[in-house]
Amino acid sequence: MTKLLNILLSQIRQTGPITIADYMKTCLLHPNYGYYSKQDPFGANGDFITSPEISQMFGELLGLCLAQNWIDQGMKPFALVEAGPGRGTLMIDILHATKLIPEFHQNMTIHLIEESIELQKIQKEKLSGFRAQWHTSIHTIPNKAPYFIANEFFDALPIRQFKRAAKCWEEILIGEKNGKLVFYLGNKIPLYSIPHHIENTKIGDVVETCIAAKPIIAVLSDRIKNYGGCAIIVDYGDDDLVGNTFQAVKNHKKINTLKLPGDSDLTAHVDFKELTRDISEILVTKTTPQGILLDRLGINDRTKKLTSHIPDYQKTIHDAALRRLTHPSEMGSLFKAIALYPSASFAPAGFDL
Ligand code: SAH
């Protein structure tokens, strides 16, 4: 039995069933045995591969998109911020691509929001050529315009699940049976506690809430409202999600979410509409499929440029990456993006209202 399973079982025996949010938080970020605290799970040899790890083009195009918006907003001092930077690949690709605009580098401070000490070490090595600051929460980023990016960060934030009954929601909790973790229906809450899901659900449907995301979005929109800047959020998910999207991935395959606590990646799809529901006074773009966004930002031309003077076997790598990032049957439509920006300004390139 793994150490983390023991910790979870003894917690449940002492204080009763736990929420899925408690389970996710412990499994992903327990300081000693959490998934992100003890390993580097990314890439072909890891458990999953993310867009920046597939190709440099992802970070380059999004970096230039941020820089264009910074130029549109008057080139003022700003904070370049990434939440959940993983191996630091997206940030380094953004920094390399934007070197072409020296004023962008002269006016920026770099901030990475990362809770895992182990991943912070990897990021510090990768970004050793730059002066950057690390944070464990968004609340400490400086009071200036943020140019913010997050890829596959919000899907790692803890969610809670509720099942619709006739007159209430019942929370899906995690309890213990014969030394094993099991799902358990408990905690009744009134229907009006999740008002936006009253009309679009029927008895038996499952909905998810992510309270951890709200304060992050609140700080971001507050900064953008007061100082300008913009935020680009990329993740898998959609608008107005209903259903169970909680999943565990190990060795690039989905497994039972309760099977390997601390040894599998746990995520849930992001509901972009819900994520940004409370935003006022700044603008939120339409939820845009990743394939369409990257196409608008010029990924086809970038692939041609990258492959123009290299041998055929290397060309195939870039062509495969282009397909993987943009094709609807790969990451092109499951992954989506939104941007947040000031009402008096322009949407970042590739996005529309
Ligand atoms: N953006 C990267 C990695 C995505 S994995 C990429 O695209 O490759 C999720 C990342 O978010 C990891 O770096 C993980 O350690 C971090 N993370 C997860 N929950 C967090 C939290 N609550 N606060 C800060 N970082 C968190």
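These exercises, with worked solutions, deal with pockets and salt bridges in a predicted model.

**Exercise 1.** State the volume of the largest pocket and describe its lining.

Solution.
Step 1. Rolling a probe the size of a water molecule over the atoms shows where empty space is left.
Step 2. The largest pocket holds about 630 Å³ of space. Its lining has 35 residues, and those closest to the centre are Gly 84, Ile 113, Phe 153, Ala 156 and Leu 157.
Step 3. Elements that each supply at least two lining residues are α2 (20-29), α4 (51-54), β2 (78-83), α6 (89-98) and α9 (213-227). The largest share, 3 residues, comes from α2.
Step 4. Sorted by type, the lining of the largest pocket has 19 nonpolar, 9 polar and 7 charged residues.

**Exercise 2.** Describe the second largest pocket in the same order of steps.

Solution.
Step 1. The volume of the second largest pocket is about 430 Å³.
Step 2. Its lining consists of 18 residues, with Phe 48, Ile 49, Gln 247, Val 249 and Phe 335 nearest the centre. Two or more lining residues come from each of β11 (247-250) and β13 (265-267).
Step 3. By type, the lining of the second largest pocket divides into 7 nonpolar, 5 polar and 6 charged residues.

**Exercise 3.** Which parts of the chain does the salt bridge between Lys 214 and Glu 274 tie together, and is each partner buried or partly exposed?

Solution.
Step 1. Side chains of opposite charge can pair when their charged atoms come close.
Step 2. In the salt bridge of Lys 214 and Glu 274, the distance from N to O is 3.2 Å. Lys 214 belongs to helix α9 and Glu 274 to helix α10 (residues 272-275), so the pair links parts that are 60 residues apart in sequence.
Step 3. Buried means under 20% relative accessible area. Lys 214 has 22% relative accessibility and therefore counts as partly exposed. Glu 274 is at 15%, so it counts as buried.
Step 4. Lys 214 and Glu 274 are also linked with Arg 277 and Asp 278 in a network of salt bridges.

**Exercise 4.** Find the salt-bridge partners of Glu 330 among Arg 323 and Arg 324, and give the accessibility of each residue.

Solution.
Step 1. Glu 330 meets Arg 323 in a salt bridge at 3.5 Å, N to O. Glu 330 also forms a salt bridge with Arg 324, at 4.0 Å.
Step 2. Glu 330 is partly exposed, with a relative accessible area of 31%. Arg 323 is partly exposed at 41%, and Arg 324 is partly exposed at 33%.
Step 3. For the whole model, the count comes to 21 salt bridges.

Conventions:
Residues numbered from 1 in each chain as written. Predicted model: local features only at pLDDT ≥ 70, side-chain atom pairs only at ≥ 80, totals over all residues. Heavy atoms only, no water. 1 Å grid on protein atoms, 1.4 Å probe; cavity = no way out; pocket = protein on both sides within 12 Å on 5 of 7 lines; lining within 4 Å. Points joined across faces, edges and corners; volume = space filled by probe spheres on them. Helix = DSSP H or I, 4+ residues; strand = E, 2+ residues; numbered from the N terminus. Nonpolar A, V, L, I, M, F, W, Y, C, P; charged D, E, K, R; others polar. Salt bridge = Lys/Arg side-chain N within 4 Å of Asp/Glu carboxyl O. Buried < 20%, exposed > 50% of the residue type's maximum accessible area, 1.4 Å probe, protein only.
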